[in-house]
Amino acid sequence: MSINIITIKFNNIFRSKLWGASLIVGVASLFYLYEFFLRVAPSAMVHELMRDFAIDASTLGLMSSGFYYAYAIMQIPAGILCDRYGPKKLLTLAVFICSIATIVFANTHNVYTASLSRTAIGMAAAVAFIGPLTLTARWFPLKYFAFVTGVIQTLGCIGAMVGSEPIAFMVSFYGWRFTLIYCAIAGLCLTFAFIVLIKDAPDKTQLQIRLNSFSLEIRRLCKILKHKQTWWNALMGTNCWTPIAIFELWGIPYLQQWGHCSTAQAGNAMVMMWLGIAIASPIAGYYSNKIKLRF
């Protein structure tokens, strides 16, 4: 059955706006889950990576940092590109790049190639949160935005939980290379799902979105950067997320050394951090909508 025929079968679902919106944003948010999984997975294979690449902890930190540098640098460009070309194209291309880069990482024995692979994953992963948010703004009424954002964050935390204890379990049985190959195959399946199921916007807004020029996006960006609330939000997000980002890579080895436990046990402990964020995110979104006070 061709992709076009499969897509037609979902048109009836799209006609029901709330159900269609839930399906589209839900499927798109799976990339955020997948991206989080790829982001934290190295923390469950630190010792294996250091052994196979014959590197020390500082070199591993540099190799892994490529993801975060690329992820941070690409945030603003990813937002502009989503507005300009639509989230479907960006999300589909991004998850495909993540899958291919993961295959490269799993098969290389060269630390520089591995670093470039992690950097490529970070660049592509920049779309993982912005894309679903763009779709949320286009498909859902404004009153649902904060709550849906919290649900998207929950999916990301589920990906982090899977990338902690379960991935440590898989690494112990199958090795880190085969584990990452399976992860890449999952990403390729997700690429196909994006092609079939994601739709940029309701039909009545499609033309307007396509006509947005690049210069218009730059003007919109400048307007946002001039708003002081943008910087307050950015500062708060940085302060909240920096400790978590550090623990993403070094949490499991730290707990192993501090608590004298196995990789699987340390991964299970890390799950608790992500579980707390997963539970609190939609609650915070719902409460934010209820009190209508964001700051």
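The following exercises, with worked solutions, concern a predicted model.

**Exercise 1.** Determine which secondary-structure elements the protein chain has, and what share of its residues is buried.

*Solution.* The protein chain has 16 helices and 0 strands. Of its 295 residues, 45% count as buried. The chain exposes about 15,500 Å², and carbon and sulfur atoms supply 71% of that area.

**Exercise 2.** Describe the largest cavity and the character of its lining.

*Solution.* Step one is the search of the whole structure, which finds 2 cavities of 30 Å³ or more. The largest cavity holds about 60 Å³ of space. Step two is the lining, which consists of Leu-38, Ala-41, Pro-42, Met-45, Thr-102, Phe-105, Arg-118, Ile-121 and Leu-180. Helix H7 (87-107) and helix H8 (111-125) each supply at least two of the lining residues. Step three is the classification: 7 lining residues are nonpolar, 1 is polar and 1 is charged.

**Exercise 3.** Classify the geometry of the aromatic pairs Phe-67 with Tyr-68 and Phe-140 with Tyr-144, and state whether each residue is buried or partly exposed.

*Solution.* The count comes to 10 aromatic pairs. The ring centres of Phe-67 and Tyr-68 lie 5.3 Å apart with the planes at 75°, so this pair is edge-to-face. Planes over 60 degrees apart count as edge-to-face. Phe-67 is buried, at a relative accessible area of 0%, whereas Tyr-68 is partly exposed at 24%. Phe-140 and Tyr-144 are also edge-to-face, at 6.1 Å centre to centre and 70° between the planes. Phe-140, at 11%, is buried, and Tyr-144, at 30%, is partly exposed.

Key
Residues are numbered from 1 along each chain as its sequence is written. This is a predicted model: local features need pLDDT of at least 70, side-chain atom pairs count only at pLDDT 80 or more; totals for chains, interfaces and linings use all residues. Side-chain values use heavy atoms; hydrogens and water are left out. On a 1 Å grid over the protein atoms alone, a cavity is a set of points where a 1.4 Å probe fits but cannot get out, and a pocket is an open set with protein on both sides within 12 Å along at least five of seven lines; lining residues have an atom within 4 Å of a point. Grid points are joined across faces, edges and corners, and a volume is the space filled by probe spheres set on the points. Helices (H or I, at least four residues) and strands (E, at least two) are DSSP runs, numbered from the N terminus. Ala, Val, Leu, Ile, Met, Phe, Trp, Tyr, Cys and Pro count as nonpolar, Asp, Glu, Lys and Arg as charged, and the others, Gly among them, as polar. Buried means under 20% relative accessible area, exposed over 50%, partly exposed in between (1.4 Å probe, protein chains only). Accessible areas come from the Shrake-Rupley method with a 1.4 Å probe; for residues, only the protein chains shown count as cover. Rings of Phe, Tyr and Trp (its six-membered ring) pair if their centres lie within 6.5 Å; planes under 30 degrees apart count as stacked, over 60 as edge-to-face and the rest as tilted.
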